[in-house]
Amino acid sequence: MLVVNPDTPSHDTWALVPKPDPEPGAREVIVDVAAAGVNRADLLQVAGSYPPPPGAPSWPGLEVSGTVSAVGPGSRWQVGDEVVALVEGGGYATRVLVPDAQVLPAPHGVPLVDAAALPEAVCTLWSTLGAARLTAGEWLLVHGGSGGIGTVAIQLATAMGVHVATTAGGPDRTARCAELGAELAIDHRSADLASEVHRVAPDGVDVILDVLGAGSLATNLSCLAVEGRLAIIGLQQGSRAELDLGLLLSRRLTVLATTLRSRPRTQKAEIVAGVAEHVWPLVESGQVRPVVHDRVPLAEAAHAHRRLASGEVFGSLVLVP
Ligand SMILES: NC(=O)c1ccc[n+]([C@@H]2O[C@H](COP(=O)([O-])OP(=O)(O)OC[C@H]3O[C@@H](n4cnc5c(N)ncnc54)[C@H](OP(=O)(O)O)[C@@H]3O)[C@@H](O)[C@H]2O)c1
């Protein structure tokens, strides 16, 4: 098989290098990759600040779509099945080894290549919004509704009967977030977040899905309703900030932070099972779709990373071998 080698990130292109084909063990499958999703976490990994967990391949890639080409003993999948999969790394390749329990059937009605943009987003969202106890009728603020995670978050929460407010950079991007279902789309470059949020949700929002971290902590807390939950999944504005515990105490607020990749496989299996039961029907009914900005050849992965870093991408890029 061929894998992307980003060991020379300063180079314009990254080589595709041969590796021995993986062999499936018990309850594992080999997937011939149709496409691999590109995530901001992949940029962090290449920059050296988000190393793959022990045992994971060293090359990037957290999610793929493709066709099962081999199965290990006891697998519930069959050769020829079209699937998507959540992987701990190594998706930027022509082939991946995946535990059975991290595989989902390719959703009907979604092109197989585009479906590669779903697993990381839906699994992150299902686990995080569940931990934040988000329920129908509540208000959710999604930071970065224009991103790979955010575009899916807007649609998923809307399909769950949740009111969605979101942020994005610039009028074109906020307009597209509104088309995805956001009732309020705020331009984070020009608007005052707290006053915009309180205009539509006078008591504040119930849950915030935050990809910013330290730099937005105080503003986020000021946007929460009593008993609101701040769920942090990204640290684009840093990891250290001062926290007013008195505010948490008096307003009964919760701050939680979570990550998907480092979870044990047993937890990933539970999350994937939850996605299969609760989120996949919404995907197959067309209420939640991957928003694919462009399909890029796998050999141009370095260029795809530069495009994501530049801020030009709305939704996700997928790499096609
Ligand atoms: N914890 C986990 O398990 C987990 C899993 C997946 C992803 N993540 C994290 O989630 C984040 C998003 O990932 P992604 O792959 O969706 O990245 P992405 O596609 O690059 O999206 C990044 C988003 O951040 C937004 N953004 C940047 N600066 C902002 C600001 N000042 N205010 C509001 N929004 C701002 C961008 O909006 P504009 O471009 O419109 O400005 C864009 O929508 C990353 O931090 C990633 O590490 C965490």
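These legends accompany close-up views of a predicted model.

**View 1. Helix α8 and its kink.** Let us start with helix α8, which covers residues 265-284 and has a kink of about 45° centred on A276. Which residues of α8 are buried? They are K268, I271, V272, G274, V275, V279, W280, L282 and V283. These buried residues pack against two strands, β5 (82-86) and β7 (103-105), and against two helices, α2 (119-131) and α3 (148-159). Just after α8 you will find G286, which takes a positive phi of about 90°.

**View 2. The largest nonpolar core.** Here we look at the largest nonpolar core, made of 41 residues. V122, C123, L125, L140, L209, V275 and W280 have the most contacts inside this core. Two or more residues come from each of β5, α2, β8, α3, β9 (163-168), β11 (205-210) and α8. Which element gives the largest share of this core? Helix α8 does, with 7 residues. Two residues to pick out in this view are V275 and W280, both buried in α8.

**View 3. The R95 and D21 salt bridge.** Side chains of opposite charge can pair when their charged atoms come close. A search of the whole structure finds 10 salt bridges, and this view shows one of them, between R95 and D21, with the closest N and O atoms 2.8 Å apart. R95 lies in strand β6 (residues 95-99) and D21 in the loop between β2 (15-18) and β3 (28-37), so the pair ties together parts that are 74 residues apart in sequence. Both partners are partly exposed: R95 has a relative accessible area of 26%, and D21 has one of 39%.

**View 4. The R295 and D114 salt bridge.** In this pair, the side chains of R295 and D114 meet at 3.0 Å, N to O. Why does this salt bridge tie together parts that are 181 residues apart in sequence? The reason is that R295 lies in strand β14 (residues 292-297), while D114 lies in the loop between β7 and α2. R295 counts as partly exposed, at 43% relative accessibility, whereas D114 is buried, with a relative accessible area of 14%.

**View 5. The E138 and R229 salt bridge, and a network.** E138 forms a salt bridge with R229, and their closest N and O atoms are 2.9 Å apart. This pair links distant parts of the chain, with E138 in the loop between α2 and β8 (139-142) and R229 in strand β12, 91 residues apart. Are these two residues buried or exposed? Both E138 and R229 are buried. Elsewhere, D21, D32 and R95 are joined into one network by salt bridges that share partners.

**View 6. The surroundings of N39.** N39 sits in the loop between β3 and α1 (40-46). N39 is buried, with a relative accessible area of 11%. Leaving aside residues up to four places away in sequence, N39 touches L62, E63, Y92, E120 and L308. L104 is 65 residues from N39 in sequence, and their C-alpha atoms are 19 Å apart in space.

**View 7. A nonpolar patch at the surface.** To finish, L243, L245 and V255 make a nonpolar surface patch of about 240 Å². Where is L243 found? L243 is in the loop between β12 (224-232) and α7 (245-251). With a relative accessible area of 36%, L243 is partly exposed.

How values were computed. Residues numbered from 1 in each chain as written. Predicted model: local features only at pLDDT ≥ 70, side-chain atom pairs only at ≥ 80, totals over all residues. Heavy atoms only, no water. Patch = residues over 30% accessible without salt bridge, like charges linked within 9 Å, V, L, I, M, F, W, Y side chains within 5 Å. Areas by Shrake-Rupley, 256 points an atom, 1.4 Å probe, with all protein chains shown as cover. Salt bridge = Lys/Arg side-chain N within 4 Å of Asp/Glu carboxyl O. Helix = DSSP H or I, 4+ residues; strand = E, 2+ residues; numbered from the N terminus. Buried < 20%, exposed > 50% of the residue type's maximum accessible area, 1.4 Å probe, protein only. Bend = angle between axes of the 7 residues up to and from the residue. Contact = heavy atoms within 4.5 Å. Core = buried A, V, L, I, M, F, W, Y, C linked by side-chain atoms within 4.5 Å.
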